[in-house]
Amino acid sequence: MSKLYVGNLPESTKGKDLRDLFESFGTVDEVAILRGYGFVHFLKSEDANAALTALDDSEFMGSHIQVQVRFWRLKYALANVPRFGTLPANPTRTVATMMTPSFPDGTHKRP
């Protein structure tokens, strides 16, 4: 499965509008729209590449959209890999600091 980021969407864009635009390139598995951007999930990477080539830097519903391959998870994972066998100097969040244990009186401690 390949996922594309679609930026600079008009506020009036609905999921059906985006799906209709991208389905001309192949089978779309899922469409998600957030505030001003969205994600399109293709079943085949070839279809996603065709859509990327054709639709990046194009006009859609009166707005100039940007289409890119979604890489943020890979970048986040690589950013947290220790370099040369060392740990980061000051890790800000770990699993242990994100847990909020309950106290007997029902209050919670915030990290």
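Leaving aside neighbours within four places in sequence, which residues is L18 in contact with? In this predicted model, the list runs V6, L9, V31, I33, V40 and F60. That makes L18 a handy way into the fold, and the sheet is a good place to go next.

The sheet is open and has five strands, with antiparallel pairing. Reading across, the order is β2-β3-β1-β5-β4. At the edges sit β2 (28-33) and β4 (58-60), each of which pairs on one side only. Going from strand to neighbouring strand, the average turn is 30°, direction ignored. As general background, strands of a sheet pair through backbone hydrogen bonds, and the pairing can be parallel or antiparallel. Here β1 and β5 run antiparallel, joined by four bridges. Y5 has Q68 of β5 standing opposite. Helix α1, for its part, lies across β1, β2, β3, β4 and β5, and runs at about 140° to β2.

On to the nonpolar core. In soluble globular proteins, nonpolar side chains tend to be buried together. The largest nonpolar core in this model has 14 residues, and the members that touch the most others are L4, V6, L18, F22, V40, F42 and V67. So L18 turns up again, this time as one of the well-connected core members. Five elements, namely β1 (2-7), α1, β3, α2 (45-55) and β5 (63-69), each supply at least two residues of this core. The most comes from α2, which gives three residues.

Two of those core residues, F22 and F42, also pair through their rings. The structure holds four aromatic pairs. For F22 and F42, the ring centres are 6.1 Å apart and the planes are at 65°, so this pair counts as edge-to-face. Because F22 belongs to helix α1 (residues 15-22) and F42 to strand β3 (residues 37-42), the pair ties together parts that are 20 residues apart in sequence. Are these two phenylalanines buried or exposed? F22 is buried, at a relative accessible area of 0%, and F42 is buried too, at 0%. Elsewhere, ring pairs link Y5, Y37 and F39 into a cluster. Y5 is thus a residue with two roles in this account, standing opposite Q68 in β5 and belonging to the ring cluster.

Charged side chains give a shorter story. Side chains of opposite charge can pair when their charged atoms come close. The count here comes to two salt bridges. In one of them, the side chains of D20 and K16 meet at 2.9 Å, N to O. Why are D20 and K16 separated by about one helical turn? They are four residues apart in helix α1, so about one turn of the helix lies between them. K16 is exposed, with a relative accessible area of 58%, while D20 counts as partly exposed at 41%.

The other bridge brings together the side chains of R19 and E23, at 3.6 Å, N to O. R19 counts as partly exposed at 26% relative accessibility, and E23 is likewise partly exposed, with a relative accessible area of 38%. Helix α1 therefore holds both D20 and K16, which are four residues apart, and F22, whose ring pairs with that of F42 in β3. The contrast in exposure along the way is plain: K16 is exposed at 58%, whereas F22 is buried at 0%.

How values were computed:
Residues are numbered from 1 along each chain as its sequence is written. This is a predicted model: local features need pLDDT of at least 70, side-chain atom pairs count only at pLDDT 80 or more; totals for chains, interfaces and linings use all residues. Side-chain values use heavy atoms; hydrogens and water are left out. Rings of Phe, Tyr and Trp (its six-membered ring) pair if their centres lie within 6.5 Å; planes under 30 degrees apart count as stacked, over 60 as edge-to-face and the rest as tilted. Buried means under 20% relative accessible area, exposed over 50%, partly exposed in between (1.4 Å probe, protein chains only). A salt bridge is a side-chain nitrogen of Lys or Arg within 4 Å of a carboxyl oxygen of Asp or Glu. A nonpolar core is a set of buried Ala, Val, Leu, Ile, Met, Phe, Trp, Tyr and Cys residues joined through side-chain atoms within 4.5 Å. Contact means heavy atoms within 4.5 Å. Two strands pair if DSSP finds at least two bridges between them. Axes are lines fitted to C-alpha atoms, for helices over the stretch in contact, and angles run from 0 to 180 degrees between N-to-C directions.
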